[in-house]
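Colleague: I am new to this structure and would like a short tour. Could we begin with the ligand?

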Amino acid sequence: MFSYKLSDISKITKSEYAGKSDIYINHIQIDSRTYFDVSQSIFLAIPGKQHNGHSYIKDLYDKGCRNFWVQNNQTYPQFSDANYIISKNVIDAFQCLISNFRSKFTFPIIGITGSNGKTIVKEWLYHICKQEYSVVRSPRSFNSQIGVPLSLMLLDSTNNFGIIEAGISELNEMVLLEKMIHPTIGIFTNIGDAHQENFKSLQEKVQEKMKLFTHTKKLIYCSDYEIIHAEALQLQNTKLYSWGFAENSMIQASVSSKGSISYITLHWEHKTHSFTIPFTDKASVENAIHCFVTLIAIGISDETTEYFIDLPQIAMRLELKSGKNNCTLINDSYNSDFQSVKIALEFLSQQKQNNNKTLLLSDVKQTGIPLDELYKNIADLINQYSISRVIGVGTDISKYLKTYIPQGSYYESTQAFLTHFQTHVFRDETILLKAAREFQFELIAKQIENQTHQTVLDINLNAIVTNLHYFKSYLQPKTKIMVMVKAFSYGSGSFEIANILQHHRVDYLAVAFVDEGVELRNAGITLPIVVMNPEYGMMNQLFEYNLEPNIHNFSVLQEYVQICEQYPEKTFPIHIKIDTGMARYGFSPEEIPLLSKELPLISNCKIASVFSHLVGSDEARFDDFTETQIQLFKTLSKEITKQFSYPIMLHILNSAGIERFSQHQFDMVRLGIGLYGISSLNDENCMNISTLKTFVSGIREMQTGTTVGYSRNGKILKPSIIGVLPIGYADGLSRKLSNGVGSVIVNKVEVPIIGNICMDATMIDITNVDVSLGDEVIVFGKELPISVMAKKIGTIPYEIITSVSRRVKRIYYFE
Ligand SMILES: *Cc1c(COP(=O)(O)O)cnc(C)c1O
């Protein structure tokens, strides 16, 4: 188990140690927001680009934490009864400690890198090897400079096999990971163009990744990637296990498939190995062969062949959906070991929309720990995360967890639970379903989920966080960020998005109308919220819900003054909008002198900020006008702020402004469309976040001369096959995309829309594609960008994404 005395940490990492009690540290915590046992943990204060860990030390101290690992050029509070490890560079020191820890283990450790498939190969190998070994592996895709050491901390003397992922995006990163992982066996999955922007060439990237294998005794890879093969041949002292479909491969692979099964044969050194997998796609075949060849290299391939036909689909996604009776459902069937239960519980605890939190948990599959201890640890987690209701499914959990959480309900099997389903009422709660795949919790999910139709908007919460960080990269650390979540977060969701933003510590949220703000407050959002367009007569509600109005004309100001007079003992923060060219809301330049006179007369008025809005920050042809707006804003805002002795924030930049005019960021910026994946610079770091998906619900053959749909607009000019999709303009698919203007993607092929789009249905021409009923169809997403779709019908991405109707089910996921 990971356990170091503070004085040993300081010695090993050549850091300073200041403190009184030289205690044992069993855990290193990097996130101040998640629960941890303060008595045995040290908080590692990472001076990150986005957040500086040192600024959370006071909070943690108040929560009882006394052990802090800090960096010596950073400022942090000094508490007399706290212990400090002080390092030149905390990440270097942390990694150095982990190298030391890793060196205590002599069992084989597999290191996996490559552009794709790392996590699947890791999980499959685990699935197969756990029959023979006690395996420790990286949780989810923890593969970064921080994720790798956190993974390695899980190494334990009860294990006899490790599988660790390594991911890099820049030069010189792999050496650091190699030092820690020090793999004895390597797998290089493949190479693609991910993270290419930081490398001069593909070769340079392969060379960088190959550094993971400097000390491995064996390396497994596919020699069909010639560039990987060439670099692998440079390795010294490493035995190569290269396989390929190309002729004369060292391990000659061949594959054939029938139905949903692939038959794979490998020839090597006069021996033939055959196995089958329950997948036929190229990536799965490649991943499975990597696993098989690895087992050859370890020397246990013969015993494990039979496991391949049961390789599980690896659900990497943790999904959030709406449920019946105002429930929220979190579905995580990734796997069910202790680490992943912990990660899922953390995500559950970030959800603020319901006070009641319910855990539906199956038997936990964790090797190497006695069941009693395992379930005691799980009971501790359940208590720490204040779970209000626990339902356990499985024979182990019923036996062991029951002793620690006797108030829970327990069932021997999923079927047994389903027969008693009616006795449980789920209402106003957030429910986490966490189960090993064989428990088939999808049957339970079906009962709780809102059964809306199968057109869904899939929303990638990781991508939202990536985009937030991308826009923050333009900002100075002190610049605040307000995120626009008006119009149902540009069509992407309400509290689901706000929760993420709150968790990632944005400074403000902004909505258009009062009821949008009320909805967020009712869902437990505590961030400051600005209402851009407070409607007449709503001022009372605003203050009741602690929402901050944008005062944009004298009549709104009038209303505000009346409220202020009613509550002389209170102060209500407001935001003042100046019109510098939009001619929408905002005080005009002529009104500013009068406004500046009136504002100081309101005794309990607190002006939080003064702002304006740019009309064309995304277009170069308006750059002169943008500059004029900014200059005007500077002058006018000064007239107001100089009336007050306290600081007042200024802000003018929207998303495109952040990218193109970051020199004018003032005190805060207002991020909108950029968060949702649209970059005015088309920067690749700004990722698509949503995919509108439906499926083929009907297929028919059509003869020449017939027509498809209303008004006979879809003329059939040659024998054709037409697919029907259950999505129409009532779902937000613009009717302007009718008659070949728009297209969709089915089975990776882009096909045209034929005829007029109907209210609830759309027809597509699938004559040239192999399509079956039920196949997935992408209406927009990464492969079919919203911006392209917008151009086709003469509108802007804003309109496309905000038009997706509320009846389309939103599914939020984390990978
Ligand atoms: C909507 C809005 C924004 C965000 O604009 P984007 O172009 O989506 O970044 C900023 N400020 C105000 C006042 C807005 O209404």
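Modeller: Certainly. This is a predicted model. A polar side-chain atom of Tyr798 lies 2.6 Å from an oxygen atom of the ligand.

Colleague: And how far is the polar side-chain atom of Arg670 from a nitrogen atom of the ligand?

Modeller: That distance for Arg670 is 2.8 Å. Gly672 uses its backbone instead: an N or O atom there lies 3.2 Å from an oxygen atom of the ligand.

Colleague: How much of the ligand's accessible area does the protein cover?

Modeller: The protein covers 93% of the 390 Å² that the ligand has on its own.

Colleague: Which residues are around the ligand?

Modeller: Among them are Met484, Lys486, Tyr490, Lys577, Arg584 and His613. Asn654, Ser655 and Ile673 are also in that group, together with Arg670, Gly672 and Tyr798. By class, the shell divides into 4 nonpolar, 4 polar and 4 charged residues.

Colleague: Changing topic, what is the volume of the second largest pocket?

Modeller: Its volume is about 540 Å³. The lining of this pocket comprises 24 residues, and those nearest its centre are Ser322, Phe488, Phe495, Glu496 and Arg806.

Colleague: Which helices and strands each supply at least two residues of that lining?

Modeller: Two helices do so, helix 18 (495-503) and helix 19 (514-522), along with strand 17 (318-322) and strand 41 (809-814). The lining of the second largest pocket has 7 nonpolar, 10 polar and 7 charged residues.

Colleague: Finally, how many helices and strands does the protein chain have?

Modeller: The chain has 26 helices and 41 strands. Its radius of gyration is 29 Å, close to the 28 Å given by the globule rule for 815 residues, so the chain is as compact as a globular protein of that length. Along the principal axes, the C-alpha atoms fill a box of roughly 90 × 90 × 60 Å.

How values were computed. Residues numbered from 1 in each chain as written. Predicted model: local features only at pLDDT ≥ 70, side-chain atom pairs only at ≥ 80, totals over all residues. Heavy atoms only, no water. Near = heavy atom within 4 Å. Polar contact = N/O pair within 3.5 Å; in protein donor to acceptor, adjacent residues only side chain to side chain. Areas by Shrake-Rupley, 256 points an atom, 1.4 Å probe, with all protein chains shown as cover. Nonpolar A, V, L, I, M, F, W, Y, C, P; charged D, E, K, R; others polar. 1 Å grid on protein atoms, 1.4 Å probe; cavity = no way out; pocket = protein on both sides within 12 Å on 5 of 7 lines; lining within 4 Å. Points joined across faces, edges and corners; volume = space filled by probe spheres on them. Helix = DSSP H or I, 4+ residues; strand = E, 2+ residues; numbered from the N terminus. Rg over C-alpha atoms; globule rule 2.2 N^0.38 Å.
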